[in-house]
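User: Hi! I'm new to this one and would love a friendly walk through it. Could you help me get my bearings?

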Amino acid sequence: MVDYLISKYNYWIYIVLMMVGFYAMMGKRNLMKKLIGMNIFQTAIILFFISTGVKKGGTLPVFMEGATRAADYVNPLPHVLMLTAIVVCVSTTGVALAVLLLIYRRYKTLEENEILKSIR
Amino acid sequence: MNTLQTQAVILVVLIPLMSSYAIPLIGWRWKGSAYFIALMAIGASLICSLILLSSVLTQGTIHYHLGGWLPPWGIEYVIDPLNGFMGAVVCILSFLVTFSSRESVQKELPEKKVRFYTIYLLLFTGLMGIVVTGDVFNLYVFLEITSLTAYALIAIGEDGAPLASFKYIIMGTIGACFYLLGVGYLYIVTGSLNIADLAQLLPPLYQSKVVLTAMGFFVIGLSIKTGLFPMHIWLPDAYTCAPSAVSAFIAPLMTKVGCYVMIRIMFTVFKPYFSIELIPVTTILSWMAAVAMIVGSIFAIVQSDLKRMLSYSIVAQIGYIVLGVGLANRAGLTGSLLHILNEAFTIGCLFSVAGAIVYKLGTSNIYQFNNLSKKMPLTMAAFLMGAFSMVGIPPTCGFFSKLYLIFGSIAAKQWVFVAVLLISTLLNVIYFFKVIEIAYFKPRELATEKEKEILKVVYANGGSYEEIAREATPIRMNEVPLSMLIPILIMAAGILISGIFYFKIIAKVIQFAIPSGI
Amino acid sequence: MIIQYENVIIKTICRMLIPFIQLFAIYVIMHGHYSPGGGFQGGVILGASFILLVIAYGLEESRRRMSLKALTIYASLGLFLYSGIGALCLLMGANYLDYAKLPLPISSIPTIRAMGILGIEIGVGIGVMAIMISIFLVIASYETGGENG
């Protein structure tokens, strides 16, 4: 059991990070903190993906003299896919910040319970 | 040799994409041109998608390799009958709704027109991209384009729209991240991202836990995007508070494209026997759909705002479509696909009518709809047609899709679903006929002092209530402008035509669109 | 929020560093197809250099150097470069983004494909730079009533 925990430590780290982000999205009351929780959630997923491409003894996926077999390089396809995911993450944060500005302009606060009280 | 026919697959996505960058440049100088560029781009996509549908029905599946790279090393766009059908539905409906959007955008958002149409065209590009692509990661990119532009468009409404949009952002991002996790798991075990390739590589691996987890992530993530109960919480607020042109565009299309992605993942990437027998995903989905049908209708009965009532009705209708997917026999999927076509026209018509009523009256509170049948007769006739289709009265299309769903439930020997279908039809009747009663049969109550004077005089001379109501203020016909009225009437006619010719549609298109193996 | 900071050290250092940051950003864009980097990353660094200028010198400086109108034009032009190269491949008779058929006077196919990708990365870089700067400017000028246009 213990070596199951230790040998796959990277997956446990990403699970913890993902759950931290998820808790922040659900449990916190300030809208800005929810947004940061969403960012942490997406970052954890990106890290998880990249870690699946690692090989034992592999090096950076940049062409070098002297390393010609495919087994010498870390798998570059997850890196490319995660570039796209990072762009999506940044765009979502941009849109969410703009929406938060609109909310602040309307309700003068970013706390969820105060906003709900002012609606009722 | 490049002809329109060979390149129509990419033009369907490329023309709206390039037009959406052209709108800020041209619209800086001529502000009124944004609407026309958007309309022309969607029209060009419509022509391309009709060409695609006709060629896929005659020649079989079309493959298009982006960049000249063969799959599985390159991205591939695949059109089979299911794709072609969805693409045609999305394009036709987008064209009609965009045609009617000019007046309402001019009234509600006059100074933001250019940027509005930019984001609007990007939303359309995303929808067409989801429909056309044959690569799971490319689908994620287009899914996020669709979602991001929808968040931005919904947030510019009034009265609580930014908060509704923020709720939608949080929930939609969770859904998309779960979809991304599913794609990642499939990539880890197979090394491929192409749908056809995955369908070949996965069957030996069906017992591994990674594939089971991937299926779980896909189903949950896509249920959030589709708005299936109990992940529908973002839906009513988002569709109510959005501007009228945006609701009429997003409501019929986005959730149905989510259902299409669900069909694609469950029956094309994974073979049907995996989704039906190995893990009972279809059983779970059909039970959630049954609850969605009842809950959506019950919530819709108590609403007093027309758009909110229609949003809860959408929750129920998504239940119908996912029930068809969950039954997973030929009749069930036929009913499901026919219901997608029905929903596109019906919900487009109903939300456009709601937009027209907001344009004229300024409010969408149901209890102020008195005498609408005299002020806006054609619009309310279209509403009547839409209501009949939602309830399921022949010969509108809604009756035939529900009939096929009932046949599917009987074939699968699930009598509970037959009962649920009939009960929810009755519940639909309640809330739609409430609106029809107020609009058609309840004359306006007299309120002002002058009118009460006239009331006393005429009553003393023996007049009836209807005469008094007519005499106090003559009610003149005050219809919406033609550019809003014509698409509403075309959509209402579409409901009727697709109902009368339902058998031809099923025999020519839908029969081939059902994924193989069912 | 963005007031002019009365500090000589920060202004001098920013003035000295920003050209080098921009040079590095162009390096990252150009070497994207065989080393870490690419269009998006270089575009973000270019945008960050301009944002550094705005933070050090105040918001008025940005209106002098780059108006929102110019940013919209840059964004659209960058994205047109991207899809224009793809559409050029369509016109030359191949599929979308098939760089092998571009009309360049180079003989070997891999080099033409590399040049095609380079063109696309430059377009993406310009577009991303414009969008990063415009996000920052719109959010930063919120308190003064927001930009119009």
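Analyst: Happy to! One definition to begin with: helices, written α, are DSSP runs of H or I with at least four residues, and they are numbered from the N terminus. Read that way, chain C follows the pattern α-α-α-α-α along its sequence. Please keep in mind that this is a predicted model.

User: Thanks! How many helices and strands does chain C have, then?

Analyst: Chain C has five helices and zero strands.

User: And what box do its C-alpha atoms fill?

Analyst: Taken along the principal axes, the C-alpha atoms of chain C fill a box of roughly 55 × 30 × 20 Å. Of the 149 residues in chain C, 36% are buried. If you look at contacts in chain C with a separation of 6 or more, 64% of them are between residues 24 or more positions apart.

User: Where does Leu97(C) lie?

Analyst: Leu97(C) is in the loop between α4 (68–91) and α5 (109–140) of chain C. Its phi is positive, about 60°, although Leu97(C) is not a glycine.

User: Does that one count as buried or exposed?

Analyst: Leu97(C) counts as buried because it has 23 C-beta neighbours inside 10 Å, and the cut-off for buried is 20 or more.

User: Let's change topic. Which residue of chain A has a positive phi although it is not a glycine?

Analyst: That would be Lys108(A), with a positive phi of about 65°. Lys108(A) sits in the loop between α4 and α5 of chain A.

User: Buried or exposed, for Lys108(A)?

Analyst: Lys108(A) counts as exposed, because it has 10 C-beta neighbours inside 10 Å; the cut-off for exposed is 12 or fewer.

User: While we're on chain A, how many residues does helix α3 have, and how far does it reach?

Analyst: Helix α3 of chain A covers residues 31–51, which is 21 residues. From its first C-alpha to its last it reaches 31 Å, close to the 30 Å expected at 1.5 Å a residue.

User: Which residues of α3(A) are buried?

Analyst: Among them are Leu31(A), Leu35(A), Met38(A), Phe41(A), Ile45(A), Phe48(A) and Phe49(A). Lys34(A) and Gln42(A) are also buried.

User: What do those buried residues pack against?

Analyst: The buried residues of α3(A) pack against α2 (9–27), α4 (77–107) and α5 (112–119) of chain A, together with α7 of chain B.

User: Chain B comes up there, so how many residues of chain B are in contact with chain A?

Analyst: There are 20 residues of chain B in contact with 23 residues of chain A. On the chain B side, the elements giving two or more residues are α6 (136–154) and α7 (161–190). α7(B) gives the most, with 12 residues. By class, this side of chain B has 15 nonpolar, four polar and one charged residues.

User: And how many residues of chain C are in contact with chain B?

Analyst: Here 16 residues of chain C are in contact with 16 residues of chain B. The side of chain C that touches chain B has nine nonpolar, five polar and two charged residues.

User: Now inside chain B: at what angle do α11 and α14 cross?

Analyst: The axes of α11 (residues 244–269) and α14 (residues 306–327) of chain B cross at roughly 20° and come within 11 Å. That makes α11(B) roughly parallel to α14(B), and the crossing is right-handed. The residues that meet include Ala251(B), Cys259(B) and Met262(B) in α11(B), and Ile314(B), Ile318(B) and Val322(B) in α14(B). The residues of this contact divide into nine nonpolar, two polar and one charged.

User: How about α14(B) with α18(B): is that crossing left-handed or right-handed?

Analyst: α14(B) passes α18(B) in a left-handed crossing. The axes of α14(B) and α18(B), residues 397–411, come within 10 Å and cross at roughly 35°. Tyr320(B), Leu323(B), Gly324(B) and Leu327(B) of α14(B) make the contact with Leu405(B), Gly408(B) and Ser409(B) of α18(B).

User: One last thing: which residues does a cis peptide bond join in chain B?

Analyst: One such bond joins Phe229(B) and Pro230(B), with omega about -5°. Pro230(B) lies in the loop between α9 (209–226) and α10 (234–241) of chain B. Another joins Pro394(B) and Pro395(B), with omega about 0°, and Pro395(B) is in the loop between α17 (377–391) and α18 of chain B.

Key: Residues are numbered from 1 along each chain as its sequence is written. Chains are lettered from A and ligands numbered from 1 in the order in which they are written. This is a predicted model: local features need pLDDT of at least 70, side-chain atom pairs count only at pLDDT 80 or more; totals for chains, interfaces and linings use all residues. Two residues are in contact if their C-beta atoms, placed from the backbone, lie within 7 Å. Ala, Val, Leu, Ile, Met, Phe, Trp, Tyr, Cys and Pro count as nonpolar, Asp, Glu, Lys and Arg as charged, and the others, Gly among them, as polar. The expected span of a helix is 1.5 Å times one less than its number of residues. Axes are lines fitted to C-alpha atoms, for helices over the stretch in contact, and angles run from 0 to 180 degrees between N-to-C directions. Angles under 35 degrees count as roughly parallel, over 145 as roughly antiparallel, 65 to 115 as roughly perpendicular and the rest as oblique. A crossing is left-handed if the near helix is turned anticlockwise from the far one by less than a right angle, and right-handed if clockwise.
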